[in-house]
Amino acid sequence: MTRIKVDALRIQQQAEQQQDLARRINSTARSTCPHLPTPHRVLMRSGSLQLLKFEPVTESRIKTPLLICYALVNRPWILDLSPQHSMIRSLLAEGIPVYLIDWGYPGRCDRHLTLDDYLTDLLDRCVDKVCTDSDSKSVNLMGVCQGGVFSLCYSLLYPQKVLNLITMVTPVDTSVSRFTLNRLTREIDIKLATQTYGNLPGLLLNELFTALQPMRLGLEKRLAASRQLCADDATVQHYLLMEQWLQDCPDLAGEALHDFIGLFFRDNALMSRQGFKLAGSTLRLKTLSQPLLNIYGKRDQLVPPEASSALKPTLKGKDYSEIIVDAGHIGVLNGGRALKTLPPQIRTWLQEREPA
Amino acid sequence: MSEQLLNMMRQWLEQLEQGQNSPHASRYWQELQSQLSQNASEGVSPLQADLLYRITRQSEHFRHFAADLLKLCDEQQSIAPEQLIDSFRQHLDQLSLDWVLSNWPLPEQLAATLALLTGQDSPLHAGLKQLNPLLQQLLGILEPQLQPSVLQQLRNNLNLLEAFERARERYLLQLGHINSEALVRLGHELAGSSISDLEQLHHLWFRCYEECYQQRLNQQDYQQAFGALCNAAMAMRQGWQQQLDLLYARCGLVTLSQYDELSRQHHELRRRVRMLERQQGSAPQGHPPHSKDSHDAN
């Protein structure tokens, strides 16, 4: 076989650069990087849950409040990472009144919280509270990722309380071939997991996500890290905030996780024509009555586009719209392109469906 | 595991075997404690400590790989493809080993012991391999003093540790297959080209690897090996927790399973209260709510 030419001098330089970077980041990585949230107040608390109301920054252009239902996985502050990277701030700037459910960090005593509890108790109380606070009969519900699944189920359970529904990067059809998370977890004994841990540790979940693309999310990211940590202050701050957010992964309440995996991963319940049992009702996605705006990322590796776009044929003939962002999973929530284009599109879509 | 630490543990165990009253046993134990505490972290936040650790370790791997590559270069500054692939394989094996063990949290006590025993220069899997015989030896020494039920539980736990080790090796085999397939692909990509940038080489590798990984991930044997590793780690952890529950119960303390049961009952009551509140809210004023809750039958 032909020998491969090697630029020895360049390689030597690169090895030295790597060492130098590793030395330099020692001081950078030790610097603190505080999270500066958009001004808000806590409207309601229940256990570790907090319902947040954000201060308006401009005159309201939409009357019906927008309630964001984030996933139980990771923390919602990716939507408000910094003043320069904040979906919430951008929505407020469009004149949309924004509320957010922060599920918090479930403790050991929450291991018996079920999916029913999350939907018919916690989420329902948040919706009621937002309606009371805003003097509105219903909310515009925006579900993010797993929160999107919650929002779909909630809208089916309580159609009168949801005026419009927005799903972001939401897994609907989990049987699609590129939905790697489902394949990777197929042989994991979820019952054993809940018996062992009570709540599934966030740390373990994080590692599971890394296992979806181990080289890209592991080694490649770390190779780039040393360079980013030696860049300008803004890059370092953004990098460290993203890292903090990625590591800030709450544990998942055991019973609710068991219910969720069983229904939506193993049984692919949302795609079931016969429907599925939840909270004492039989739910069928095709009976969804609210207008739906479905937003997903063209390059999403965690929830592939086809897992989200499965809503379209299911809701054929209904008020269904979709926005496909040229971004990955996190990019849809926090990327520059999404932050610029999505908020005005969401405002327009909501305005068109606002009651006279 | 550092040789010094390993020797200290062996010496301590030998003294224990000679009897608890051995004059040297407590001295060895103190030295061992002192050695272990020297490895404690410096008070950096866990996130930053982890980041620093991972990047430092990766930087070391990177430097070693670069040095190996330079050694393999001939006077014309070229390298045989087989040698390059072989060197890269060794480099990747190290990364895989680090990755697998860091992925699956062991019971805290075991993980802490492993973290302390494993030095920067010693691969993590060596620590795990050495730990099991040490624990077997310790169990042998303690056997006469232990009650049969405790002994049985400890034996079960060591069996679970062995099962975890087998599952880990089975999974490592899968990773080995992926590495081999990806290396073949990398070899094809590199044919006739030159290496002037190590980062580009890594990026090419990431692409080759992810393609092979995604293919393998769709296969049932990979999913089974991955699931078996997760399940073995969890079973081991559950076994250790049951052991702790047994010890807590003997001391008259509330066990985790008792606490869980109380939490379950609390949630049942909370649901009932919520239902009654709803019924009360929807009932016409002046009429008591009609409850359909199954508890009413009691």
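**Group meeting: the sheets, helices and chain contact of a predicted model**

Let me begin with a helix on a sheet in chain A. Helix H3, residues 115-134 of chain A, lies across S2, S3, S4, S7 and strand S8 (139-144) of chain A, and runs at about 135° to S2(A). A second helix, H14 (residues 336-352) of chain A, also packs on the sheet. H14 touches S8, strand S9 (162-168), strand S12 (292-297) and S13 of chain A, and its direction makes about 170° with that of S13(A). Please bear in mind throughout that this is a predicted model.

What is the strand order of the sheet itself? In chain A, eight strands form an open sheet in the order S2-S3-S7-S4-S8-S9-S12-S13, with mixed pairing. At its edges stand S2 and strand S13 (320-325) of chain A, each of which pairs on one side only. From one strand to the next, the twist averages 20°.

Two of the pairings in this sheet show what "mixed" refers to. Strand S2 (residues 40-46) and strand S3 (residues 49-54) of chain A run antiparallel and are joined by six bridges. Within that pair, His40(A) stands opposite Phe54(A) in S3(A). The hairpin of S2(A) and S3(A) has two residues between the strands, and Gly47(A) takes a positive phi near 60° there. By contrast, strand S4 (residues 66-69) and strand S7 (residues 98-102) of chain A run parallel, joined by four bridges. Here Cys69(A) has Ile101(A) in S7(A) as its bridge partner. As a general reminder, strands of a sheet pair through backbone hydrogen bonds, either parallel or antiparallel.

A record adds an annotation for this chain. In an unreviewed entry, UniProt places the feature "domain: AB hydrolase-1" at residues 65-334 of chain A. In the model, the end C-alpha atoms of residues 65-334 of chain A lie 21 Å apart, and the span is 44% helix and 17% strand.

I turn now to the contact between the two chains. How many residues does each chain bring to the contact? Chain A gives 57 residues and chain B gives 61 residues. On the side of chain A that touches chain B, the elements that each supply at least two residues include strand S1 (4-6), helix H1 (8-28) and helix H9 (233-247) of chain A. H1(A) gives the most to this side, with eleven residues. By type, the residues of the side of chain A that touches chain B comprise 24 nonpolar, 16 polar and 17 charged.

The chains also share a sheet. It is an open sheet of three strands in the order S1(B)-S1(A)-S2(B), with mixed pairing. Why is one side of S1(B) and of S2(B) left without a neighbour in the sheet? S1 and strand S2 (194-195) of chain B stand at the edges with a single partner strand each, so one side of each has no neighbour there. S1(A) and strand S1 (residues 78-79) of chain B run antiparallel, with two bridges between them. Lys5(A) stands opposite Ser78(B), while Ile4(A) has Ile79(B) as its bridge partner.

Finally, a helix pair within chain B. Helix H7 (residues 148-190) and helix H9 (residues 220-250) of chain B pack at an angle of about 160°, with their axes 8 Å apart. H7(B) and H9(B) are therefore roughly antiparallel to each other, and their crossing is left-handed. The residues of the contact of H7(B) with H9(B) comprise 19 nonpolar, seven polar and two charged.

Conventions:
Residues are numbered from 1 along each chain as its sequence is written. Chains are lettered from A and ligands numbered from 1 in the order in which they are written. This is a predicted model: local features need pLDDT of at least 70, side-chain atom pairs count only at pLDDT 80 or more; totals for chains, interfaces and linings use all residues. Two residues are in contact if their C-beta atoms, placed from the backbone, lie within 7 Å. Ala, Val, Leu, Ile, Met, Phe, Trp, Tyr, Cys and Pro count as nonpolar, Asp, Glu, Lys and Arg as charged, and the others, Gly among them, as polar. Two strands pair if DSSP finds at least two bridges between them. Axes are lines fitted to C-alpha atoms, for helices over the stretch in contact, and angles run from 0 to 180 degrees between N-to-C directions. Angles under 35 degrees count as roughly parallel, over 145 as roughly antiparallel, 65 to 115 as roughly perpendicular and the rest as oblique. A crossing is left-handed if the near helix is turned anticlockwise from the far one by less than a right angle, and right-handed if clockwise. UniProt positions are given in the numbering used here, feature names are shortened, and annotations may be inferred rather than shown by experiment.
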